[in-house]
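Please read the following report on how two chains meet, and on a helix and a surface patch in one of them.

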Amino acid sequence: MPNEKTYYSLEAGGNLICHKCGIRLVKGNAVFEYLENAFPVELPVCPQCGFVYVPEELAMGRVLSVEKVLEDK
Amino acid sequence: MTDHFKERSTRDYHQKQLFAKEELEKRESLCTHEDPPFCNAACPLKLDVKAMLAAVSEGDFAKGRSLLEYITPFPEILAYGCEGPCRRTCRRSEIEESVNIPAIERAVMRHSDVPKARGLLKMRKKQKLAVFGSELFTVAVAADMANKKYPVTLYTEAENEMDLFRRCADLDDEILERQLPLLKKAELKICFGTPLDREFLEKEEAEYDLVCGASYLKEEEVDPVTLCDSRNRIFPHAEKRYSHILQSLFDARRAAVSFERIVQRLDPHNNRPQEGETESHLFTNLNYIPSEDAVAENGLYSREEAIREAKRCIQCECVECFRGCAYLRAFKRYPRLLTREIYNNTGIIMGDHMMNKAMNSCSLCGQCTVTCPNGYDMAEICRAARENMVDTQKMSLAVHEFALLDMLFSNTEGYLAGKQPGYETCRYVYFPGCQANAIAPDTVFKTYEDLMQRQPGGVALMLGCCSVIARWAGRRELYQEQIAFLKEEMHKLGDPIIIAGCPTCRSTLQEHFPEVIGLWDVLKEIGLPEGSGKLQQEVMIHDACGARNDPDTQNSIREIVSRLGAEIKEGNWSKEKSACCGYGGLVSYVNKEVASEMAEECVREDPQATYITYCMACRDRLKRQGSNAVHFSELVYGTAADDAPGLSQKRRNRKMLKEKLLKEVWKEEIMQEKPEFTYELSEEVRQKMEDRMILESDLLETLQAYRDNQMAVYNETDDTLTTRHRIGNVSFWVRFREENDHYTVISVYSHRMTVRTR
């Protein structure tokens, strides 16, 4: 895909820390999958354990609306 | 069982026809909403009377005029000479004098001007037409064809235009004069003072492609439909059905159609619209029409008088199903159109299924079948469409998963079956229904205690779901599995007679079990228990859709409510016409807005009244809508009605009821599992969970998972932790603060997508 969309931007310096690894989350490549569709996105990811953080606004906004569209395909 | 909840892609190349074409058409034909109004059907010229009267009633005389000019080149002659078949069929004539349509037409023509604009640009045609004769028919054909941009030559004996019109119609000169601009507008060539006979016609016609003549010039009788003779020349037919003016203008219209076909090199019989008087099956409910005195026409209506008379038009349309159904109103479609769109929706292999929400928002309550004069069954169509979409794997699991899991909860964790202590075999089994267990556990407990005491023969108990939820969701296989489970369980109890606490359970179970009666039947028989609530007030009864075609149940409830001392006020929408509360068909899970409107609809007649229900889901939905609703069994057993419980509370209630019954009836000790931690939820969080359909059990499981794996994200800014846990097809996220073994939950959210790094 030519220009990947960024659905979430990390604050400068980053304020999210992986609780398990004690490492700051970084902007990382993640992929959402649903009903055999995949969407590459950039999200805060723990560089060690790979935990991907999906913030509430994203989950209840964009993610929800895309789910609904795919469900009616 | 778990296979039912495996999320699949809906992009499968499966397709199954919902109905055969003939069946679809048969079903659609029951909806007469699109049938023409009776005035329009009676008019041989097919004037859109309803639209004309609507325009006039709003003072738009120009639009009224354009509708009249659309059907004939000389509307004013028509308005003065038409006997008005439309008046004969006007539905208002069944109450009082019909709307004076011809008088309004006269006023429209007088109070509006000849339009200056030329209208749509039409292509000039090549075929030349010769018209011979000085009667209304020939002049109208000439003007009509000239308006269609055919080069027309009219041969007439008349000396001038006025003379021509005088030969056409026996009307005052003043009226005829006003037709002159219309003739000019038509741009046709007129050869005045031509002596006409058959010889002249024979001579001249060689020059032309199309020929039309007056009746006295015809050599042979013409076809009654196309008005063509054997050489495709057009003359009026001898048979007359209407007065001279109407018949002439009607014939002119038919002649124009024939000419068009001849020009297209088709048989003039081909592809003709319905001509003349037609039949309409439109239903107009006259019960809602207030009486309105006719406006007398003294010479001619003034503008105001015409408007007043036009306002008397009922604007006939069939809206019977719309009146009581919030669903149809929300989707703004009449059953015929809705059926076609849902049918097409099931046929889409690739692409957006735009009508998924529509077919899943019907409560399947069957009200339309009762209110429709032809018994249209929208519920069956929506249900069949859901099954079709499930069969072809096009129905997303997300739509109904919550409700289906709730059904499974009722038949597993919340399930309980047992014989009455002291009885080897029980004659009966009480089946309160999943909603009663979830909403009013205390009432269910008391009811069972009473039945054990007073109903002879022993009464077993079964807490579970009747499986209707799977049927509503269109999941046939799951439905059959659940029914098989219930059958097996009933067999273990000795196949007793089922006492259903809910009318929907009753009608569902009746299909699979030999004898199913209602709790109301039993209470009517054994009488009310001592100390049952006294109601010294007027109440209304909200009838359940599960008992729509069951007058016995409706009457039994009324008798019980009367015995409770209440005075019943019957509404216009009670018994078989009752609206659905919004629980039926799982609407409340799929379309909260429509479900809410449905509940609103149930109490619209009197929002302040006390509504007695006999389905616990109705009581819950109406109560949630803020009305004063109470289940009859709550009154019988004097159990105070709580407010509508939330989704998590409903599950807790079912578990609590089960534990209480096990402990107090069957003396079984329940080992309560103590959670390792405590948590607190603010009202705001609870509401959020309710809106997002997230259960407290999901929250607990997520917190427990966090305690096990410590996976979370710490936010420095607000000092919170956010953890994630996937249960089934849903990822749950909980944001919280942790203090030893206590959790303060700040927010909960979820999504169905999976997420991973790449």
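## Interface of chains A and B

Between chain B and chain A the rule finds five salt bridges, a salt bridge being a side-chain nitrogen of Lys or Arg within 4 Å of a carboxyl oxygen of Asp or Glu. This is a predicted model, in which local features need pLDDT of at least 70 and side-chain atom pairs count only at pLDDT 80 or more, while totals for chains, interfaces and linings use all residues. Residues are numbered from 1 along each chain as its sequence is written, chains are lettered from A in the order in which they are written, and side-chain values use heavy atoms, without hydrogens and water.

A salt bridge joins the side chains of A:Arg24 and B:Glu716 (3.0 Å, N to O). The elements that give two or more residues to the side of chain B that touches chain A are tabulated here, as DSSP runs numbered from the N terminus (helices H or I, at least four residues; strands E, at least two).

| Element of chain B | Residues |
|---|---|
| α35 | 696-709 |
| β15 | 713-715 |
| β16 | 720-727 |
| β18 | 742-751 |
| β19 | 754-757 |

In all, 38 residues of chain B are in contact (heavy atoms within 4.5 Å) with 40 residues of chain A.

Turning to chain B itself, the buried residues (under 20% relative accessible area, 1.4 Å probe, protein chains only) of helix α4 (residues 61-71) include B:Phe61, B:Leu67 and B:Ile71. The buried residues of α4(B) pack against several helices of chain B, among them α3 (49-57) and α13 (244-263).

B:Ile349 lies in the loop between α17 (335-347) and α18 (356-360) of chain B.

Conventions:
Buried < 20%, exposed > 50% of the residue type's maximum accessible area, 1.4 Å probe, protein only.
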